[in-house]
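Subject: Structure handover, with notes on cores and salt bridges

Hi,

Here is the structure I promised to pass on to you. Have a look at it first, and then read on for my notes.

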Amino acid sequence: MRAPALPVSVEQRFELTRMAGSGQLPHRLVIQASALLMAADGEATEQIAQICEVHPDTVRRWRARFARCGLDGMGVAAQSQAPLPVQSDATLLQAAVLRGDVREIRNLVDAGLLAGTDDSPSKAQLLAARSYAHILTSDFVAAYDDARTGLEMDCQRSLFLALAAWSSGMGGLERGGSDTATVESVVATILGHSDAEFLSDRWPAALTAEAAMSVGRLDLAETVARRVWLGSGTNDPPEAVFAGQTLVRALLFQGRLDEADALAPQVEQASQRHGLLALQLVVRGSLAYLDALRGRDSLVRSAAASIDALAAQCPPSYLVAGAMVLAAYALATAQHAQLAADVLLRGAGGPQLPNIQLVDRAYGYELLVTAELSLGDLMAARQWGDMAAALTGLPREGMAAAAIGRIRARLAVADGEVVAGAVLADQAAVIALGNAGHLDETRARLLAGSALLGDADDTWPARLALSSARDQATLLGATSLAVLARRDLRSIGLRLIGVPQAPMTAREREVAELLLTGASNIRIAATLTVSPRTVQSHVARVLKALDLSSRAEVPHVLHPDGEVLHADGHRGSTVWLCLTPRQRQVADLVSRGYTNDGAARTLHVSTKTIEKHLGDIYRRLEIDSRTALAARWSG
């Protein structure tokens with residue numbers, strides 16, 4: 001049986017080979033070097049122990065010491081013949097936690113608890129390590145129980161709060177759902193720390209960032225993870241690497257592909273430098289997904305194969321399963337639906353997807369539904385959809401809820417209920433937008449537009465949804481999604497909105513630029529020193545040239561210079577920051593031409609509530625009309 005290969009550099013292998021063949025070094029050092037060379041080749045611990053005639057625990061300690069200290073941990077032969085330094089169990093435990101080696105963590109924890117130490121900090125460390133090991137094996141209830149027990153000890157409180165929040169978010173605990181409020185509270189506590197306090201709590205902060213990811217709070221995950229990553233200096237300690245992979249994923253799922261693409265190689269190099277193969281695997285999965293979104297389909301299958309090979313070298317854990325799920329997303333985006341389904345089921349542990357967190361199960365079932373629909377197997381797709389619907393404990397109005405909404409939309413369309421499917425997809429887009437999930441919002445807009453393509457009597461809604469999806473995808477850099485939008489419209493002989501159907505005169509371009517500011521006809525007339533009636537004629541010609549039905553849609557398809565717009569993914573950074581999540585949802589719907597009643601139905605609230613939100617939005621943005629809102633939201 002093979003084992004995860006011990007990371008050994010070329011220089012280290014040379015020195016170990018020299019030591020293993022030495023006739024002058026102490027016999028124990030020669031045996032140790034030989035054992036480490038076999039470990040570097042992936043030999044199983046028990047096999048190495050038998051060959052070297054030592055106990056398997058001795059081999060495990062040698063591995064852990066080398067992973068932690070390299071050749072220095074051996075007392076290199078060229079130096080003194082002093083006794084080898086003996087590492088404490090606490091140091092070995094930390095090394096096992098960093099590697100994600102669940103078996104080693106449990107062996108050390110069991111031995112420590114059996115020793116019955118009265119030292120509270122030592123007990124706390126053992127309990128925290130066991131909680132973490134439970135998370136790695138997706139036993140989230142046991143992890144939560146250990147974290148709660150640790151909180152009662154009143155020792156390392158920040159660490160146990162982070163573990164409790166993370167385990168709750170990961171699995172929903174089958175106890176009424178993921179505790180989003182607790183996650184948000186722990187995030188607030190962490191962010192409230194001074195720089196000195198934060199420096200001493202970087203591990204709890206890194207775990208808290210992952211807890212925020214587990215409940216779909218991408219914005220909070222990004223904020224905390226970024227502070228850990230940037231606040232760790234240039235040496236990138238392990239907690240910074242852990243936070244770095246969280247930050248990559250938070251940026252990726254927000255649709256900020258350029259930022260994720262720039263950061264991922266740095267995090268991968270840092271994880272490789274520390275020998276953190278599981279974290280390296282997660283980042284490699286993120287990069288594969290980025291390749292798929294960028295339209296680099298030729299790279300995706302080879303990337304998935306490399307992830308599979310690296311996964312075989314890592315101890316089985318939630319991190320390894322998560323990386324394979326990312327590879328499955330990449331394959332699905334590159335239109336390899338069946339291969340994606342196979343990778344997902346293998347990585348996630350079978351049809352119940354037990355190896356991955358609750359939110360990812362919702363995404364996983366969406367992938368499986370899509371794969372079956374691509375084969376025309378509606379019955380199998382419904383079965384996966386039923387399993388998704390049976391998930392309990394999902395955060396309400398979170399990213400997982402958006403995924404479930406897209407599943408329902410796909411099944412409705414497959415049943416011929418295209419309008420209902422489009423409405424469900426639009427609702428999923430609104431939920432994703434409220435969580436800063438621009439990538440998921442774009443997917444849902446694309447789904448809504450595709451659903452409406454069959455309406456031969458009125459193609460405008462399909463064109464509007466697909467054009468919106470194309471613009472958003474283009475801005476995000478998600479080439480593959482933009483291509484799908486263009487392909488769907490071409491399938492029925494239509495063009496995207498915003499591609500001029502006729503040239504505009506210089507005066508019409510001036511009018512179009514003023515429309516971008518939300519100006520009324522009277523204000524435009526005063527600016528250009530013409531009559532309002534002349535402006536009305538110019539506006540009509542601008543709308544005809546752009547194939548638009550109302551002036552409120554102009555900001556969605558024009559740049560301020562009058563050129564065709566690929567809309568701002570953040571819908572205007574200042575606008576995005578000063579509105580609440582619900583106000584963002586209302587602003588997005590209204591700016592896209594929804595009536596108050598239509599927005600109310602989409603958000604499942606009353607029309608009066610929409611009116612109140614609009615009033616608050618107008619006051620915050622210092623505007624007074626829906627056209628002005630469309631201009632600010634898209635500008």
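To start with something you can check by eye: does Arg382 count as buried, partly exposed or exposed? At 36% relative accessibility, Arg382 falls in the partly exposed class. Please keep in mind throughout that this is a predicted model.

Arg382 is a good place to begin, since its side chain meets that of Asp415 in a salt bridge, with N and O 2.5 Å apart. Arg382 sits in helix H21 (residues 378–389), while Asp415 lies in the loop between H22 and helix H23 (418–434), so this pair ties together parts that are 33 residues apart in sequence. Asp415 is also partly exposed, at a relative accessible area of 39%.

Two further salt bridges are worth your time, and here the partners are buried.

The first joins Arg406 and Glu366, at 2.8 Å from N to O. It links distant parts of the chain, 40 residues apart: Arg406 belongs to helix H22 (residues 399–414) and Glu366 to helix H20 (residues 358–374). Arg406 has a relative accessible area of 0% and is buried; Glu366, at 8%, counts as buried too.

The second is formed by Arg256 and Glu222, whose closest N and O atoms are 2.7 Å apart. Arg256 is in the loop between helix H14 (238–254) and helix H15 (257–273), and Glu222 is in helix H13 (residues 218–230), so the bridge ties together parts 34 residues apart in sequence. Relative accessibility is 16% for Arg256, which counts as buried, and 11% for Glu222, which is likewise buried.

Over the whole structure, the search finds 27 salt bridges. Some of the charged residues form a network: Asp258, Asp261, Asp291, Arg294 and Arg296 are linked in this way.

Now for the nonpolar side of things. In soluble globular proteins, nonpolar side chains tend to be buried together. The largest nonpolar core here has 144 residues, and the members that touch the most others are Ile105, Tyr132, Leu163, Trp166 and Tyr289. Helix H18 (residues 318–333) contributes the most to this core, with 13 residues. A second core, separate from that one, holds 23 residues, including Val30, Ile31, Ala39 and Met74.

If you would like one residue to centre your view on, try Tyr132. Beyond its neighbours within four places in sequence, Tyr132 is in contact with Val97, Ile105, Leu163, Trp166, Leu207, Phe242 and Leu319.

Phe242 leads on to a polar residue, Gln245. A polar atom of the Gln245 side chain lies 3.0 Å from the backbone oxygen of Phe242. Gln245 is placed in helix H14 and is buried, with a relative accessible area of 1%. Again leaving aside neighbours within four places in sequence, Gln245 contacts Glu210, Val267, Leu279, Val282 and Val283.

Last, the cysteines. How many disulfides does a search of the whole structure find? The count is zero. Two cysteines you may want to look at are Cys52, buried at a relative accessible area of 10%, and Cys155, which counts as buried at 16%.

Happy to go through any of this with you on screen.

Best wishes

Notes:
Residues numbered from 1 in each chain as written. Predicted model: local features only at pLDDT ≥ 70, side-chain atom pairs only at ≥ 80, totals over all residues. Heavy atoms only, no water. Core = buried A, V, L, I, M, F, W, Y, C linked by side-chain atoms within 4.5 Å. Buried < 20%, exposed > 50% of the residue type's maximum accessible area, 1.4 Å probe, protein only. Helix = DSSP H or I, 4+ residues; strand = E, 2+ residues; numbered from the N terminus. Contact = heavy atoms within 4.5 Å. Salt bridge = Lys/Arg side-chain N within 4 Å of Asp/Glu carboxyl O. Disulfide = S-S within 2.5 Å. Polar contact = N/O pair within 3.5 Å; in protein donor to acceptor, adjacent residues only side chain to side chain.
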